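Me: Could you take one part of this model, look at it closely, and then work outwards from there? I am in my first year, so I would like each step to be connected to the one before.

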There are 4 protein chains.
Amino acid sequence: MQKIKIGMVGGGSGAFIGAVHRKAFFLDNQFELVCGAFSSNPERSMQTGTELGLDSKRVYANFDDMMRSEASLPAGERMQVVSIVTPNYVHFAPAKLAMENGFDVIIDKPLAFSVDEALELKRVAESAGRILALTHTYTGYPMIKEAKARVAAGELGKIRKIFVEYPQGWLSTFLEADGNKQASWRTDPSKSGQGGAVGDIGTHAANLAEYVSGLRIQEICAEVNIVVEGRKLDDDAAALLRFENNVSGVLVATQVAAGEENNLRIRVYGESGGLEWAHSDPNSLVYKPLDKPAQILRAGTGYLSAVAVKNTRLPAGHPEGYLEAFANIYLAFAEAVRDKQKGITNPDYDYDFPGVDDGVRGMVFVRTMIESAQSDKKWTPFKV
Amino acid sequence: MQKIKIGMVGGGSGAFIGAVHRKAFFLDNQFELVCGAFSSNPERSMQTGTELGLDSKRVYANFDDMMRSEASLPAGERMQVVSIVTPNYVHFAPAKLAMENGFDVIIDKPLAFSVDEALELKRVAESAGRILALTHTYTGYPMIKEAKARVAAGELGKIRKIFVEYPQGWLSTFLEADGNKQASWRTDPSKSGQGGAVGDIGTHAANLAEYVSGLRIQEICAEVNIVVEGRKLDDDAAALLRFENNVSGVLVATQVAAGEENNLRIRVYGESGGLEWAHSDPNSLVYKPLDKPAQILRAGTGYLSAVAVKNTRLPAGHPEGYLEAFANIYLAFAEAVRDKQKGITNPDYDYDFPGVDDGVRGMVFVRTMIESAQSDKKWTPFKV
Amino acid sequence: MQKIKIGMVGGGSGAFIGAVHRKAFFLDNQFELVCGAFSSNPERSMQTGTELGLDSKRVYANFDDMMRSEASLPAGERMQVVSIVTPNYVHFAPAKLAMENGFDVIIDKPLAFSVDEALELKRVAESAGRILALTHTYTGYPMIKEAKARVAAGELGKIRKIFVEYPQGWLSTFLEADGNKQASWRTDPSKSGQGGAVGDIGTHAANLAEYVSGLRIQEICAEVNIVVEGRKLDDDAAALLRFENNVSGVLVATQVAAGEENNLRIRVYGESGGLEWAHSDPNSLVYKPLDKPAQILRAGTGYLSAVAVKNTRLPAGHPEGYLEAFANIYLAFAEAVRDKQKGITNPDYDYDFPGVDDGVRGMVFVRTMIESAQSDKKWTPFKV
Amino acid sequence: MQKIKIGMVGGGSGAFIGAVHRKAFFLDNQFELVCGAFSSNPERSMQTGTELGLDSKRVYANFDDMMRSEASLPAGERMQVVSIVTPNYVHFAPAKLAMENGFDVIIDKPLAFSVDEALELKRVAESAGRILALTHTYTGYPMIKEAKARVAAGELGKIRKIFVEYPQGWLSTFLEADGNKQASWRTDPSKSGQGGAVGDIGTHAANLAEYVSGLRIQEICAEVNIVVEGRKLDDDAAALLRFENNVSGVLVATQVAAGEENNLRIRVYGESGGLEWAHSDPNSLVYKPLDKPAQILRAGTGYLSAVAVKNTRLPAGHPEGYLEAFANIYLAFAEAVRDKQKGITNPDYDYDFPGVDDGVRGMVFVRTMIESAQSDKKWTPFKV
């Protein structure tokens, strides 16, 4: 099987998420990295390309060069897809250009800097017939897919409550003042967009809630705070949620829960039981049927749904983690790309990766949270 | 040491919380049960009294008889304190009568049926010089006391966030339709008061948050739901909270989280760390200092505060539970009662049991939750 | 219902296990403490009796006086049963005397100082027709009873493996050198008997394994160590076990596992599943059926066996602990005592408390462990 | 940086461990798969090679062809290292041949079929100057490396006790009778060698105990069983261990603990504290200092040792798993291979991967376990 030729925008040495993307697409041997514009600094881009063993001719000084040069290469040689792993304010331009030049794209979340950008990317993807995948990592975990499958199959009965929380503690201090790279752009409204914690982790939480439940948020009542003095973007948020179908919920996304790591957790309750998943133990899904013993469902076992099995590499008891969840998104993206190459456009299966619609909803989520936080009215509609 | 003579209102055979109170006050051998009006049904009251080995002359047909008869007994013989374990709508009258007849009282929460009743009990207690204790059980756990002590000592730095949740699943079905005794009165507004889940467990959650943090709730933004069709009182609630000192929080209290038991959990975060306690593992308190390993603090160890030690009976590794937490409130109440008998009114220590002010705040909490839920405004002030 | 009149041997102020026994028998209001010989020091005995509110005439200077004086009291006044909570070397004499004077007895484990003493107590109990209960606490936990019931019902299929471990860390240092009271007698062969850790906690582990599995140990291959320099009795032991029915197992009992509390844990595996219980989470029993999700069975739920329900006081989610497990043994003892008073000698139910046969096996266990440890042969038979 | 050219022996489609090795060496982009003899069935070998996108000329019908053909290729083209992932009885021949033809090797554990084979591989590796790495996966986990580092730094004081256990349940039934591929060769003495569970997982447990503690096993007292009727090799084993320096321990390795997954766990206790690691939560290491709160040390944090940091890819709270642990061994192997290419033979750092000496000890462990199990003597010396 031929590997898919991939190029990268962003991900220079020292970046966090760029290296994650690479490990994720290398893991399953489905992609071959052929080119990149790894940094806005040309020298740094070249250095990264060299470290990665790329031909120097295909290490570019900027994404503009990369898109045009690659597009001019022979079909068998040029990159086929682009991975965009830059800060939020550098998602839109390369993604648009890539799609316009014939490349499918996979982009780190959130999709863009604003709702407008997100909607324009959606328009471009649709008009150009491009695949756009978005790395909402947590939906890649097999036990999250199991949770979704069980909710969809009605195992909990009608859904009633959704609790999702994403507490982190790493921004408990004024880290950006010390030049911490990850903190600096994430707390800078000119680079991150309208939301701080809301955009960085709140979008993950909201996406996960909608993904698992299959229900869309319709109204939000939010409080959004800047807790650490001097910070320019929110580092803490909480909201009451109203979903479709008369389901209510609570969302927490905070980066000032000192001592917490990356403790995304979701609980969904229906008439006849609940499901609970926590990122701290990602290979377990706790199923709590009403008036019966809770069951610990485990990745890699024989009793899971087909979609969970498809997204698992190892037998039960061999823990998979964050990189594997990430890689599952790349695998699904690869499947869609290969199908498109073969002319399969309406397969009878769901590729099951987050896409441009998730991306648009993510940006609307950020806007709605901020709008609600500034409003005296209890409920603000979630309107795309 | 003489035991304190105690009488009971409520707690007939088959009642849940009455038996809990008895085990709690028997455990440490500080109380002698001398009389009771155990049921509004005189025969049932007598049957319970007999089972408990009481002299039949001191098993009463109603609390009115009990208060007056006991008050007329010689000092060395008559009851000294009354335990009131009836449904909410039968708290006020026996409590008032008891205090007016010279008896200290200990009452199951919530304090009363309404804010007005609560305020009147406060007035009576103060004017009559009576002790009124309220069994907010969870504040009796040693590791909750440890949490409070650490927060008060500044170990977390300035507090920033408080998350408290109390999910239960036992009211996931329309249990009251089948005559379930516990469900029936709790979902009946004429017996329970203005709040269902809000009063039954929401008051515990709010009390716990204020107890541990030492901060008072000032504003509430609530959603309160009747989830199970046909039910007459709320079975589900969530709220954004604003505490004193610019601290925000989230409270969840639901009885329709199918599959959950009694999973009260509180997390408090400050500038330099967090604390987490869950009722499912009550002898542990997780301390999460910023950028250092989390510590599992354990009941019965040598490194805890004096107040935690005082509220622990056994060395580390010998689990204590709900009854022991309950009994700690009775022990503190006993200490106050004995001190009063000795004329000690201003000891240099805190008895540290929930009292009439907690009870008043609980009733105001219920009223504010309901008021907020009915309002389109985001924030409703918490005003006593 | 009349309470059972109980007297105590041992349990002076400051003793650990005496206070535990008292809380255990007070909790359920089935016993009335009427007398005691609380200490070999008469003044200390009197002080303890006074603190406990006893009539000074019934606080005795020694157990000999107590047995004879109580036996001479009128039937309606005198004690009916004796609780013996002294160090091991003072079990035999008071137990024998009590039984010979017509009193049923409940004794802290291990039963005696030696196998010979144990066998003599068995002879006396049988010839005198006395009830002898032994407080192997852990068998009092409801989820241990559930485990036993499920094994007996064949839910695991034929049993194959039993792992039991009891790591403690409190004797990691030479504590007895500092006069620590608990450490001093437990590490003194003249007070504790042939075994240190083996007797103090190894007997619990062995008893629990036999209780849950319903299988008796037949051969032992042990290593027994004195790890802390200067200590006079073993503080660490491990053994390969052979049970009846071709079942093998492993037992660990150590008091030098620094950092461990009281972490008794048992796992039993059969053809079709396993069960796991840990003292650190006593209200859960993990059932692991082969090739299916593990189930967390919880105390207080509606799906447990009758025996687990009988030994639980509270609904699910209200943790019970060590004192309640202890109290369950007193409740079962009380049931047997009351039945005997009513002339019921062969009820169609099992009282289900550890008795003299368990006590004899415990002493044989200690002897066999020590004998095996001193032998070059792999297997030493467990012979009563 | 040039990737290292790697070839594979074994790992045809459908094999478990072959795919694991590939993902492990692809993950970090340090290796390029250039050739393979993936199966003893030439067609299956070719099919696997095709799926992996290899040039068909470099997909070989057997390892003999592969070694000789590759050795004859130009230096810049031929493979540099060989990964051997066949069943135990096909480790020795390809490994020997590879080393004799100039290739470094990395081999799935256990090293060989017998002690003799292992010793011969050691001789060849040393005389030919080849690197031989062995994938004892669990030593690749960062928190295991942290445990080793802390023990070595004396944080626990003198070590006293080591408990290691590896319960699995997957062989609880006579799976090999149904043609299960993994079960079939593992339970076949002609393919697996002298040990079943002892070789398959017992070697992991023994290796882990020695790795973490830095102490070597000196004597073994073992019981080894065939529990499932009809099976030809042991599926269950337990042993008392004596390590250097007067340290004792217990080892359990069983494949009939029905309901267990892959629950390797190790606990090491010293004078002043203990460490506990479980494969079910591999990113945590519990440190239990004597008389202080237990600490949960977490992968990816800033307070760990250099070696743990080096073996971690992601910040705290982003779980890494089995494949990453596996990949850490490949990374260390790659480092050694590159160093050798650069002529660095005695770096001032430890490559820290399991090697031929671990492999020899593993085979001796198997032999000693079996010998002890057959002996009536308590202790059998562990002699290389």
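**A helix pair and its surroundings**

Reply: In this predicted model, helices H6(A) and H9(A) are oblique to each other. The angle behind that word is roughly 45°, at which the axes of H6(A), residues 142-152, and H9(A), residues 197-213, cross, and these axes come within 7 Å. Why is such a crossing called oblique? Angles under 35 degrees count as roughly parallel and those from 65 to 115 as roughly perpendicular, so a crossing of roughly 45° belongs to neither group. On the side of H6(A), the residues that make the contact are Ile144(A), Ala147(A), Lys148(A) and Val151(A), while H9(A) contributes Tyr211(A), Val212(A) and Ser213(A). Sorted by class, this contact has 5 nonpolar residues, 1 polar residue and 1 charged residue.

The next step outwards is the division of the chain. Chain A is divided into domain 1, which covers 4-130, and domain 2, which is made of two stretches, 140-315 and 360-373. The C-alpha centres of domain 1 and domain 2 of chain A lie 27 Å apart. The two domains of chain A also touch, with 14 residues of domain 1 in contact with 14 residues of domain 2. On the domain 1 side of this contact, helix H5 of chain A, residues 115-128, gives the most, with 4 residues. By class, that side of domain 1 of chain A has 10 nonpolar, 2 polar and 2 charged residues.

From one chain we can go on to a pair of chains. How many residues does each of chains A and B bring to their contact? Chain B brings 34 residues and chain A brings 34 residues. Seven strands of chain B each give two or more residues to the side that touches chain A, namely E6 (159-167), E7 (217-225), E8 (236-243), E9 (247-254), E10 (265-270), E11 (273-278) and E12 (284-289). The largest share on this side of chain B, 4 residues, comes from E9(B), and by class the side divides into 14 nonpolar, 10 polar and 10 charged residues.

The way these two chains are placed can be described with a single movement. Chain B can be laid on chain A by a turn of 180° with a shift of 0.0 Å along the axis, and the RMSD of the fit is 0.0 Å. This is the relation of a two-fold axis. In chain B, the C-alpha nearest that axis belongs to Lys378(B), which is 2.1 Å from the axis. Because 100% of the interface residues of chain B are also interface residues in chain A, the copies meet through the same surface.

Chain B has a second contact to consider, this time with chain D. Here 10 residues of chain D are in contact with 10 residues of chain B, and the residues on the chain D side divide into 5 nonpolar, 2 polar and 3 charged. A pairing of strands also links these two chains, since strand E13 of chain B and strand E13 of chain D, each covering residues 294-298, pair in the antiparallel sense over 3 bridges. Within this pairing, Ala294(B) stands opposite Ile296(D) in E13(D). Chain D can be laid on chain B by a turn of 180° and a shift of 0.0 Å along the axis, with an RMSD of 0.0 Å. Gln295(D) has the C-alpha of chain D that is nearest this axis, at 2.2 Å from it. Once more the same surface serves both copies, as 100% of the contact residues of chain D recur in chain B.

Finally, we can look at a sheet inside chain D. Its 5 strands form an open sheet with parallel pairing, in the order E2-E1-E3-E4-E5. Strands E2 (31-37) and E5 (132-134) of chain D stand at the edges with a single partner strand each, so one side of each has no neighbour in the sheet. From one strand to the next, the twist averages 25°. E1(D), residues 4-9, pairs with E2(D) in the parallel sense over 6 bridges, and the bridge partner of Ile4(D) in E2(D) is Phe31(D). In chain B, 6 bridges join E1(B) to E2(B), which run parallel, and Met8(B) stands opposite Gly36(B) in E2(B).

Notes
Residues are numbered from 1 along each chain as its sequence is written. Chains are lettered from A and ligands numbered from 1 in the order in which they are written. This is a predicted model: local features need pLDDT of at least 70, side-chain atom pairs count only at pLDDT 80 or more; totals for chains, interfaces and linings use all residues. Two residues are in contact if their C-beta atoms, placed from the backbone, lie within 7 Å. Ala, Val, Leu, Ile, Met, Phe, Trp, Tyr, Cys and Pro count as nonpolar, Asp, Glu, Lys and Arg as charged, and the others, Gly among them, as polar. Two strands pair if DSSP finds at least two bridges between them. Copies are superposed by least squares on the C-alpha atoms of residues with pLDDT of at least 70 in both. Axes are lines fitted to C-alpha atoms, for helices over the stretch in contact, and angles run from 0 to 180 degrees between N-to-C directions. Angles under 35 degrees count as roughly parallel, over 145 as roughly antiparallel, 65 to 115 as roughly perpendicular and the rest as oblique. Domain bounds come from an automatic or database domain assignment.
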